[in-house]
Structure formats: C-alpha cells, structure tokens
Amino acid sequence: IFMFSCSNIRDRKNENNNQTENKNSNSSIDVFEKTKSIIWKEIKENEEEVSKNYICYETDSLISFEDTVQIMNNKYYIDKQKKIIADFNKDGFDDIIVQVYKEYGASGAMTMFYLFLTESNNYEFVKSYDDYSLATENIKDKKLISGKFNFENITENKLQGSSTYYGEEDAHCCPTYYTEKEIYEYNALTKKFEIKYQSELKRII
C-alpha cells in the first residue's frame, strides 16, 4: 500500500474522474461523488478518536476508482464499480446502495451497505447495514446465534444472495450452517431489510 497526502489523492481522483466522464457522462462516478462525503462523515462519527487517526490512502491492489481511508486500525474501501441500484421504497425512482468494505485486525472483514433514497433529484442517506447484521437480525432458528449475508444480485428491487450461519459450538473461523438462497426486501416503515425468502437451512458435514 502506498500512502499519499489527501490533496494528492484528490488530484489523482480528479484526473481519473475526468477521463471516465469523457467516456460516460452518466457513470458511477457522479453517484459516488454525491454520496462519498456523507459516507465518510457517518464512518467518522462512529469511530473513536477520529480526529487523531483519519488518514487517506491510495492503493495499487484494488480496482480503479476506489477511495480508501484508514481510521485507527480499521480500513474502509468504497468500490465505485459495485453500486446497487433499485427502487427499494417503491416510489418509482431508482435508489442506490453504496458498498463499503471494512477491514479490521489481522484478518477480519465485513461489507457495509449505505442506503440512499432518491428525493427531489438528490440522494438522501437513510441508514447503513452490514452483511453480519442483515443475516443475524433475521434469524428464526434458535440453534443459530449469528450469520453473514453474501450479496449476489438484485431481483425485483430486492437483495438476493446466500448466507452462512454460526451455531453455538462453531468457531469464529468456521460457520457450519448455510442457505443457498435468501431474499431481503426493504421496509420503509422500519427502515430495515427483512427476509422474504430463505431456502432450506443446511449443515456442512
């Protein structure tokens, strides 16, 4: 990983932005720039001692057009190429989820989903979710204690993927339960993604 100053990163990002906008004026960069500052603000407000540990990074190990920050021992990556667009609140306008990857400790990682609803041609931030909370908050089987949702695609404005789950005796490295398909739908009243379909729960033997 190569570290630059924040100003250097902005200069290089602007160059990349200009090149991409010439190819596609309606690219993901426009969406990214509108939501990026809100996401970083939310992340900073949820970290301790941020003012002492807010560092900008550039990396050559990730795909192009990503922004990266490190706060304390946590690194956050926004991937511009993997935005999720769908009409989540069913008002006839496309909304967006921006995926943020969080690395913590030696090997820990999670995917965070930042939901923005379209309001008067602007993106209004609603709430952030993560792959662990999506699965864990929707557990119905009492033998399961936590889970992790693996997003795959959008189906009829719903999140579709699969999940792995931990039983009471499972080690942190090795969940032994899984589903091959799950579908989550956004509830505008609760501001939560609620599970609407779950395939048979299976166990790794």
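Colleague: What volume does the largest cavity have?
Modeller: Bear in mind that this is a predicted model. Searching the whole structure turns up one cavity of 30 Å³ or more. Its volume comes to about 50 Å³.

Colleague: Which element supplies the largest share of the lining of that cavity?
Modeller: There are 12 lining residues, and the closest to the centre include Phe32 and Lys83. At least two lining residues come from each of α2 (28-45), β3 (74-79) and β5 (95-104). The largest share is four residues, and the element behind it is α2.

Colleague: OK, on to the rings. Is Phe113 buried or exposed?
Modeller: Phe113 pairs edge-to-face with Phe151, at 6.4 Å centre to centre and 70 degrees between the planes. Phe151, in strand β8, is partly exposed at 24% relative accessibility. Phe113, in strand β6, has a relative accessible area of 2%, and since buried means under 20%, Phe113 is buried.

Colleague: How many residues apart in sequence are the parts that Tyr129 and Phe193 tie together?
Modeller: Those two rings are also edge-to-face, 5.2 Å centre to centre with 80 degrees between the planes. Both residues are buried, and ring pairs link them with Phe88 and Tyr186 into a cluster. Tyr129 sits in strand β7 and Phe193 in strand β11, so the parts they tie together are 64 residues apart.

Colleague: And what average pLDDT does the protein have?
Modeller: A pLDDT of at least 70 is reached by 71% of the residues. Residues 1-27 fall below 50, and so do residues 49-66. Where pLDDT is low, the predicted coordinates shouldn't be read in detail. For the protein, the average is 76.

Notes. Residues numbered from 1 in each chain as written. Predicted model: local features only at pLDDT ≥ 70, side-chain atom pairs only at ≥ 80, totals over all residues. Heavy atoms only, no water. pLDDT = per-residue confidence, 0-100. Contact = heavy atoms within 4.5 Å. 1 Å grid on protein atoms, 1.4 Å probe; cavity = no way out; pocket = protein on both sides within 12 Å on 5 of 7 lines; lining within 4 Å. Points joined across faces, edges and corners; volume = space filled by probe spheres on them. Phe/Tyr/Trp six-rings, centres within 6.5 Å; stacked < 30°, edge-to-face > 60°. Buried < 20%, exposed > 50% of the residue type's maximum accessible area, 1.4 Å probe, protein only.
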